[in-house]
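Got the viewer open? Let's take a short walk through this model, one selection at a time.

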Amino acid sequence: MATTQDVGADRRAGPPAPAAPRARRSRFDALLLIPALLLILGVVGYPFVVSVIDSFVKVEGRQHAYAWITANPVYLRIIGRTFLTSVVAVVLCVLLAYPYAYVMVLAGRRIRLVLTVAVLVPFWVSGLVRTFAWVILLQSGGPVDRLLPFLGRDGLLHTQTAVLVGLVQVLLPFMILPLYNSMQSIDRRLLQAAESLGARQTVAFFRVVVPLSAPGAGAGALLVFVTSLGIYVLAQILGSPATSMIGSVVYTQTSQLNNTGRAAALSLSMLAGAVVLIGAAYLLFRLVPGARRAG
Amino acid sequence: MKGRVTGEVTGTVTGTVPAAQTGGVTATAKAKGTGTVARHPFAVVAAVVVALLLVVPTLVVVPISFTGKASFVFPPDSWSLRWYGNLFSDSRWTSALRRSLWIALLSSVLATTVGTAASVGLTRWRRRRWAAAARALLLVPVFVPAIVLAIGIYTVFGSLGLLGTVTGFVLAHASLGVPFVVISVTAVLQSFDVQLERAAESLGAGRWAVFRQITLPLILPGVLAGALFAFVASFDEILVSLFIKSPFLETFPIRVYQSVDNDTDPTVAAASTLVLVVTTLVILVAVRISTLRTRRLGT
Amino acid sequence: MRRIRWAVAIVGSSAVLVSACGGGTSPASGDGGSSSSSQSSSGATAAGGATVASSSTPGSGGAPAAGVLAAGQATAGSFSGRQFSYSGNGGTTQDAQNKIFGDFATVVGASYAPDGPPTAAKVKAQVDSGNVTWDIVDAPEVDLAEGCGTVYQKIDYSKLDTSKLSPLVPKQDCGIALNASPWTFAYDTEAFPQAPTSWADFFDLAKFPGKRAIYAGFPMQQIEIALLGSGVDPGKLAPPDVDAGYAELDKLKSDLVFYSAGSESQQMMASNQIVACICWSGRVYTEIQNGSHWALVPTAPPVLRMDYLAIPIGSKNTDVAYAAINYFIGAQQQAYWQEATGYPPMNVDAKPKLSAAAKAVDVFQPPFKPVTIDVTFWAGDLAAQMDKWTTWTSS
């Protein structure tokens, strides 16, 4: 954004440019956006509007979609479970990402290189491949089962724990990277000042690093949460009907029953819930005094 | 706050910043030394555990891909290469791999072209409020849960006859890739020296010549990074793909999913290992080269 | 700044590298969508060596209407220059279907176009728009019952020789039996001192303790099985008393696990996680081949999930479609079908070459007495029944 302002300033200060080309130029610049906007509006925007209309208008099984959802509490329960699972995943990701990102910031070059590669490799490797790896590890009689037999008689695969473990591992890079970014920009003299004033390491960490890196954590949390809500395949492979998330139900309604109105209503209900939750989290965040100062 | 969050997401989504910083670890880091870390034993232990959690579990697919038996029993009690033979001789795998590479290439090219044009437009459009709105719109695919996008795309593509077609896949994947391109290209554009363009223009160069000879070479790194992200976004896409696939047009992730779902066939482990090895090599080479370069520049 | 740009460029150029490496790993081969058509057009030998009729003599065993060829026969050149298409669900089953239909096309001189998938929505869209490109489609039993007379044509049985069709499969107004997936009682032979003998034993946790697995996907077949377990006569399953079925399933709730795909059921069998399951016979067969100590209970009636060959209303090649279906249900073609796919043949005269182990799980042979579901009931109430099932499984 700064760039554009500079341009304006420069232009005013510099030799007078002919007025007509400048006006044309600005219009031309806006035109450059058209192909991308057409693509997004055509493939994301228009279908979204169609979904919204379908969800209100379509009558499937002599019932409007939202009436059907209210008549079957199981679907609201599954949406609730989806939120709960995603929130737990976010919390676990925050807890694991903080020390990792902190060490990344403090470490010397070599260690930081190793840590960076350790985040980037899974970030780039197909999430599906990593999910499949968990199938091998968690299956009954598999490595985890043999190392930690007390965890469950039949292995952990197809349990809530398996879904969470998979989610956290797949989504962790989305938390670590923004957190690292925002921690990196913290002026280290602040930390040194805190420590020189006699604050202990942990105190310095919680009073200085945590509040100042909160925007990064917020960004990571948003990404992890949104991605987790939309997940279907991972929950299908690692979970069971008792842990199913909304993605599975939407997929069944679409592919098996061809009730696209109901599928749309389900996914939009979840989206509405997500917007409310994220809004609430944002307000809560602003109420925390330390965070507000930092933000 | 909102702005900062978006900024952070932006960095993450492209991942370019940390990638660049591995190369760019500089004097400040050196000055700190390792002493600072050593004073946080708990953080270090936690970081090591997390690093292991990130990397090690995935490696389990490697030994499984060399198993002698048609099962996922770990560790395998006999060894063979036959799953790799299967992978390269089974037309379902090879055609899925070829299809995915082709679709990823096309959608990456499409996303990069429209995304780069849009980024140039975004940074120059003088109605800032409109530009901000347009930018938000272009980033929507990242902030809406994939299942919400998938159901809409399924309905509309169904009525247009685009389900199970390469065109359908490319359009869907490209629109998922656009945010990545916009993010990484605008990042580079913001640090771009406009004076250069103006100098060229004042010397009489045409708009297109200026773009091709001045602007493009300077923003090329951002464009390439965006293209790479759009490529991976397509190559790894499963959720929307599941809705728009047909048995006659399956992508690589769909094949992996169906194999995990339907067979107990270690060919999927061979395929996973292949993806794992190629990706890791690419990252290591990139990091290695960029550190070498840094060292030369630094000393 | 320059440094950062450089590093980014390297990461960027790796995209090209990824695509190049990936590209190198996939050797050129027939592409998935059209490989089958090339195979069928060059198919010189007919499936299972099917005979080519030189005259229109009816088959010896049956009594098809005058002028109708015996099942499995086709008149050389009778449809020369014509075309027909079949829409299937891909995979090994469609490979076998393409082989049989391709052979038919070669004999009669027509050209054959395989396609798919024939989802209910797509078939309906074609019929509604009047632009029907498919002449034969694979229709699952519930879809068939739902669309009979509105999407799928009523079958004119006088144009087919159905005298040898298996009596185990009920005739449908709008389709000819294509494929049966049997849901069977499978158990771990080392888990119980004495072998279970009926579906009642599946629901008897006192006599046969241990975990059982059932399929998570849908209630059809499994509700019927629960009813059989509660003592309902196999002949009195239509219409099923769904609530009684759930009551029976509730008895297992404490020891029930779900599988959501066939491979999962196999893993559960192999890893001793369960002692019994309602499983597809093909999966049990594979596990037995893998060396697991599992077996079927032949005296517990398998419940079939059926697919049918159907002709969409508005097909432009109905005559070719009838002749092709008549050819498809011949004894030799059906023997080939079972050898290629492992699914039971629909023609009672089919003599496939099977191993002893494969014969032991062939549910169309005695002592198995397979039953089918009331498709009209399920088709009429599918969405609401799915809600009920989701509610029950996810709690």
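Begin by selecting chain A and chain B together: across their interface there are zero salt bridges. Keep in mind throughout that this is a predicted model. Polar contacts do turn up between chain A and chain B, in six residue pairs, both partners having pLDDT 80 or more. Colour the side of chain A that touches chain B by residue type, and you will find 74 nonpolar, 24 polar and 12 charged residues.

Now show both faces of that interface. From chain A, 110 residues are in contact with 111 residues of chain B. Together the two chains bury about 9,900 Å², with 75% of it on carbon and sulfur atoms.

**Next stop: chain C against chain A**

Hide chain B and bring up chain C beside chain A. Here the contact draws 21 residues from chain C and 25 residues from chain A. The buried area is about 1,700 Å², and carbon and sulfur atoms give 54% of that. Select Q273(C), D387(C) and S394(C): these supply 29% of the area that chain C buries against chain A, more than any other three residues.

What is the count of salt bridges between chain C and chain A? It is zero. For polar contacts, look for five residue pairs between the two chains, again with both residues at pLDDT 80 or more.

Switch to a cartoon view to place these residues on helices. Both α9 (262–270) and α15 (382–393) of chain C supply at least two residues each to the side that touches chain A. Of the elements there, α15(C) gives the most, with seven residues. By type, this side of chain C divides into eight nonpolar, 10 polar and three charged residues.

**Last stop: a glutamate inside chain C**

Finally, zoom in on E224(C), which sits in helix α7 (residues 222–229) of chain C. Is E224(C) buried or exposed? E224(C) is buried, yet it has no salt bridge. Draw a distance to R305(C), the nearest side chain of opposite charge, and you should get 9.6 Å; a salt bridge would need the charged atoms within 4 Å.

What does the side chain of E224(C) reach instead? Look at the backbone nitrogen of Q221(C), which lies 3.1 Å from that side chain. To see the surroundings, show L237(C), P240(C), V303(C), I373(C), D374(C) and W378(C) as sticks: E224(C) touches each of these, leaving aside residues up to four places away in sequence.

Notes
Residues are numbered from 1 along each chain as its sequence is written. Chains are lettered from A and ligands numbered from 1 in the order in which they are written. This is a predicted model: local features need pLDDT of at least 70, side-chain atom pairs count only at pLDDT 80 or more; totals for chains, interfaces and linings use all residues. Side-chain values use heavy atoms; hydrogens and water are left out. Contact means heavy atoms within 4.5 Å. Buried area is the accessible area (1.4 Å probe) that two parts lose on being put together, summed over both. A polar contact is a pair of N or O atoms within 3.5 Å; within protein, one must be able to donate a hydrogen and the other to accept it, and residues adjacent in sequence count only if both atoms are side-chain atoms. Helices (H or I, at least four residues) and strands (E, at least two) are DSSP runs, numbered from the N terminus. Ala, Val, Leu, Ile, Met, Phe, Trp, Tyr, Cys and Pro count as nonpolar, Asp, Glu, Lys and Arg as charged, and the others, Gly among them, as polar. Buried means under 20% relative accessible area, exposed over 50%, partly exposed in between (1.4 Å probe, protein chains only). Lys and Arg count as positive and Asp and Glu as negative; His and the chain ends are not counted.
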